Amino acid sequence: MIILGIETTCDETGVGIVKDGREVLSNVVASSAVMHKKFGGIVPEVAAREQARTVIPCVRQALRQAGCKLLDIDAFAVANGPGLVGSLLAGVETAKTLAFVCEKPLFAVNHLVGHVYANWVNQDHSAEIIDHRKKKSTMNYELRTPNFPLVALIVSGGHTDLILMLYHGKYKWLGGTRDDAAGEAFDKVARFLGLGYPGGPEIERMASSYKLEVTSYKFPRPMINEDNFDFSFSGLKTAVVNLVHGSQSTVYSKEEIACTFQDAVVDVLVEKTIKAAKKYNAKSIVVGGGVAANELLRSRFKVDGSRIGIPVYFPKKGLSVDNGAMIAAAAFYQTNFTDPLIIQAEPGLHFA
Ligand code: KG4
Ligand code: ZN
């Protein structure tokens with residue numbers, strides 16, 4: 001089954017074509033991030049306009065790269081929330097129209113579920129696009145998939161959520177952030193330090209030039225020992241601001257701040273996820289969302305996961321951030337499709 005997935009929840013326009021939920025035939029992503037740089041955060045109106053402008057060209061490019069025609073698509077899928085309403089509308093209206101005109105099923109996918117399913121997608125799609133175009137059946141993708149029950153950590157610019165997944169389609173929300181999302185904290189600290197946007201990669205880059213052996217900066221690990229699966233990152237951000245403002249002079253090290261801040265965020269994310277995995281006897285841990293691209297998070301999870309004998313899955317980096325392939329992959333495991341005429345953009349969509 002070939003599904004075309006559309007992702008327009010925020011500032012990335014993603015269109016991916018995926019076969020049988022695993023094999024990425026194409027995955028095109030356009031981003032308006034550069035337009036938001038000077039504001040240090042996303043301007044919803046600008047993001048929405050860019051979505052409307054780029055979504056059809058992305059569909060066309062995804063079809064071309066996959067070597068498909070519109071009529072080869074068996075179903076369409078769209079992330080209909082959570083997200084920015086203007087951005088969502090561009091994807092939802094496009095998917096609706098395509099499904100209606102082509103008389104094909106339309107799947108409404110929760111964006112966060114998409115981040116989870118990025119872990120089911122094969123890990124080596126660039127080589128496979130070439131194979132597909134040559135019509136060679138030399139697909140050789142990793143067949144290892146996460147086992148249930150699993151605990152999923154979704155860490156993005158808008159969300160930090162822990163989910164228990166019992167089987168495909170069966171989720172239980174365990175907890176989430178009470179204030180800033182982890183990615184948002186990276187973005188805000190980066191902006192405060194005068195680094196670029198998005199802040200996560202900038203903080204990571206800056207942190208990599210510091211060796212965290214001895215540091216005088218003591219940042220809190222908010223809620224790390226609390227008996228729940230909630231998070232809070234705004235106090236950590238304030239601790240960075242207070243440290244800088246409290247400095248007698250301008251002599252503070254951005255590298256050291258970035259490194260110790262990143263360490264604090266990673267400590268909390270890993271500790272609480274491992275605690276949830278132990279409590280619910282998870283067979284796998286799955287991580288998704290933009291912050292999943294972070295190397296320290298990846299390596300810390302690998303070490304702590306193997307210590308307790310639970311494999312930890314991360315998507316390939318290009319599939320951690322928002323993209324259409326993860327939406328198409330999630331749709332493949334979804335049993336309910338939607339009437340194209342009634343599907344709506346749902347900015348505040350929750351886990352069912
Ligand atoms: O999932 P995503 O692409 O969009 C949302 O759904 O929000 O995540 C974007 C977030 C941004 O906050 C960005 O700073 C963060 O992911 N991010 C990172 C890294 N790459 C992206 N955070 C930490 N380390 C990274 N390498
Ligand atoms: Zn996302």
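Which residue in strand 5 does A77 stand opposite? That would be F107. Before you go hunting for this pair, know that this is a predicted model, where local features need pLDDT of at least 70, side-chain atom pairs count only at pLDDT 80 or more, and totals for chains, interfaces and linings use all residues. Residues are numbered from 1 along each chain as its sequence is written, chains are lettered from A and ligands numbered from 1 in the order in which they are written, and side-chain values use heavy atoms, with hydrogens and water left out.

A quick word on terms: helices (H or I, at least four residues) and strands (E, at least two) are DSSP runs, numbered from the N terminus. Two strands pair if DSSP finds at least two bridges between them.

**The sheet with strands 1 to 5**

- This open sheet has five strands in the order 3-2-1-4-5, with mixed pairing.
- Its edges are strand 3 (23-31) and strand 5 (106-110), each of which pairs on one side only.
- From one strand to the next, the twist averages 20° (axes are lines fitted to C-alpha atoms, for helices over the stretch in contact, and angles run from 0 to 180 degrees between N-to-C directions).
- Strand 4 (residues 75-81) runs parallel to its partner, strand 5, and five bridges link the two.
- Strand 2 and strand 3 go the antiparallel way, over eight bridges; one match to look for is G16 with N27 in strand 3.
- Helix 3 (residues 85-102) lies across strand 1 (2-7), strand 4 and strand 5, at about 155° to strand 4.
- Helix 12 (residues 324-332) packs on the sheet too, touching strand 1, strand 2 (12-19), strand 3, strand 4 and strand 5 (contact means heavy atoms within 4.5 Å), and its direction makes about 130° with that of strand 1.

**The sheet with strands 6 to 10**

- Here five strands make an open sheet in the order 8-7-6-9-10, again with mixed pairing.
- Strand 8 (170-176) and strand 10 (312-313) are the edge strands, each pairing on one side only.
- Strand 6 (residues 150-155) and strand 7 (residues 160-167) are antiparallel and share six bridges; L153 has L162 in strand 7 as its bridge partner.
- Helix 9 (residues 254-279) lies across strand 6, strand 7, strand 8 and strand 9 (284-288), running at about 155° to strand 6.

**The zinc ion**

- Three protein residues donate to the zinc ion (ligand 2): H111 (NE2), H115 (NE2) and D322 (OD), at 2.0 to 2.2 Å from it.
- Donors are N, O and S atoms within 2.8 Å of the metal (3.2 Å for Na, K and Ca); water is not among the atoms, so sites may look incomplete.
- Along the sequence, the spacing of these donor residues is H-x3-H-x206-D.
- Because H111 and H115 are four residues apart in helix 4 (residues 111-117), about one helical turn separates them.

**The largest pocket**

- The largest pocket holds about 980 Å³ of space.
- A pocket is found on a 1 Å grid over the protein atoms alone: an open set of points where a 1.4 Å probe fits, with protein on both sides within 12 Å along at least five of seven lines; lining residues have an atom within 4 Å of a point.
- Grid points are joined across faces, edges and corners, and the volume is the space filled by probe spheres set on the points.
- The lining has 34 residues, and S156, G157, G158, D187 and Y197 lie nearest the centre.
- Helix 6 (182-192) and helix 7 (199-207) each supply at least two lining residues, with helix 6 giving the most, six.

**Backbone oddities**

- F148 and P149 are joined by a cis peptide bond, with omega about -5°, and P149 sits in the loop between helix 5 (125-133) and strand 6.
- Another cis bond runs from Y197 to P198, with omega near -5°; look for P198 in the loop between helix 6 and helix 7.
- D20 isn't a glycine, but its phi is positive, near 50°; it belongs to the hairpin of strand 2 and strand 3, which has three residues between the strands.
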